[in-house]
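Here are a few exercises to work through with the model on screen. Try each task yourself, then check the steps.

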Amino acid sequence: MTSETGLSSETLAHLQSWQGRTETLHDEATAAPVRGLSATLDRVDPPPKHGDELPPLAHWLYFLPQARQSDIGPDGHAKRGGFLPPVPLPRRMWAGGRLQWHQPLRVGDALRRDSRIVSVTHKSGRSGDLVFVVVRHEVHNAHGLALTEEHDIVYRSAPQLGQPAPAPQLAETGAAWQREIRPDDVLLFRYSALTFNGHRIHYDRKYVTEVEGYPGLVVHGPLIATLLVDLVRRQRPEARISKFQFKAVRPTFDLHPFRVNGKPSADGKKVALWASDHEGWLTMQAEAELA
């Protein structure tokens with residue numbers, strides 16, 4: 001039986017059978033990726049040494065997917081299936097997440113990440129089918145649980161010819177902090193390399209424009225989130241981020257500069273963060289809570 005949305009009820013049931021699946025990975029928090037991230041963010045940091053705290057979101061540089069070359073799909077990701085459900089929709093994006101740090105992660109730590117698929121849900125909108133997958137990660141070091149994260153992934157239908165784009169949302173204009181980012185293809189390549197991300201939307205202009213229908217290379221959602229956190233680090237270098245949440249609102253492309261913005265609360269305990277494109281449209285909404 002096929003639902004009015006295009007995905008059959010059998011397919012949806014099959015995808016939802018992935019709920020509850022688990023995966024455990026091990027890694028070591030080596031210094032080289034932290035050095036690479038610092039250079040990519042255009043920071044002047046001392047070289048990281050054993051025992052130094054990892055900067056917020058640097059855990060995304062570890063537990064990287066390392067599928068064999070023969071197991072790579074046409075979009076540059078690993079072929080569908082395995083730990084994540086084999087959603088039969090062509091567009092895949094990191095839609096957002098919620099993170100809480102319980103104790104610092106440090107250079108040299110032996111790390112373990114326990115992951116579980118929390119939910120697989122389906123919606124149908126004007127742009128077609130949407131499948132949302134929520135994955136919960138727990139990252140441990142020798143001292144126990146250090147970080148919990150809920151990772152939102154969205155799979156989307158291919159765009160239809162003449163299909164109207166979703167209405168954009170104006171970004172707030174009252175930023176206390178602001179930094180302009182020029183997302184050239186070198187920046188996107190370096191972040192893809194740091195995260196071993198083969199997704200072709202970030203480096204293959206012919207693929208991203210002709211197959212996925214975007215106007216340019218797509219700036220990684222995690223890179224924008226990292227730049228928002230980096231804005232806090234630049235403005236409040238002494239502060240420690242204890243919680244962070246973010247939501248991708250609109251794709252950002254390499255065709256124009258964009259801005260990362262911040263506005264601390266009156267008591268200084270939280271920072272409203274957002275990214276906006278060259279036209280002033282909101283592209284990512286976030287909030288950091290300071291310890």
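**Exercise 1. Find the residues that form one aromatic cluster, and describe the pair of Trp-60 and Phe-246.**

Step 1. The cluster is made of Trp-60, Trp-94, Phe-244 and Phe-246. Rings of Phe, Tyr and Trp (its six-membered ring) pair if their centres lie within 6.5 Å; planes under 30 degrees apart are stacked, over 60 edge-to-face, and the rest tilted. By this rule you get four aromatic pairs.

Step 2. Trp-60 and Phe-246 sit 6.0 Å apart, centre to centre, with 65 degrees between the planes, an edge-to-face pair. Trp-60 is in the loop between H2 and strand S2 (91-101) and Phe-246 is in strand S7 (residues 241-248), so the pair ties together parts that are 186 residues apart in sequence. Helices (H or I, at least four residues) and strands (E, at least two) are DSSP runs, numbered from the N terminus.

Step 3. Trp-60 has a relative accessible area of 8%, so it's buried, and Phe-246, at 5%, is buried as well. Buried means under 20% relative accessible area, exposed over 50%, and partly exposed in between (1.4 Å probe, protein chains only).

A quick note on the source: this is a predicted model, where local features need pLDDT of at least 70 and side-chain atom pairs count only at pLDDT 80 or more, while totals for chains, interfaces and linings use all residues. Residues are numbered from 1 along each chain as its sequence is written, and side-chain values use heavy atoms, leaving out hydrogens and water.

**Exercise 2. Work out how helices H2 and H3 are arranged.**

Step 1. Take H2 (residues 32-40) and H3 (residues 185-194): their axes come within 10 Å and cross at roughly 165 degrees. That makes H2 roughly antiparallel to H3. Axes are lines fitted to C-alpha atoms, for helices over the stretch in contact, with angles from 0 to 180 degrees between N-to-C directions; under 35 degrees counts as roughly parallel, over 145 as roughly antiparallel, 65 to 115 as roughly perpendicular and the rest as oblique.

Step 2. Now list who touches whom, with contact meaning heavy atoms within 4.5 Å. Pro-33, Gly-36, Leu-37, Ala-39 and Thr-40 of H2 meet Leu-187, Arg-190, Tyr-191 and Leu-194 of H3.

**Exercise 3. Is His-14 buried, exposed or partly exposed?**

Step 1. Locate His-14 in helix H1 (residues 9-16).

Step 2. Its relative accessibility is 42%, so His-14 counts as partly exposed.
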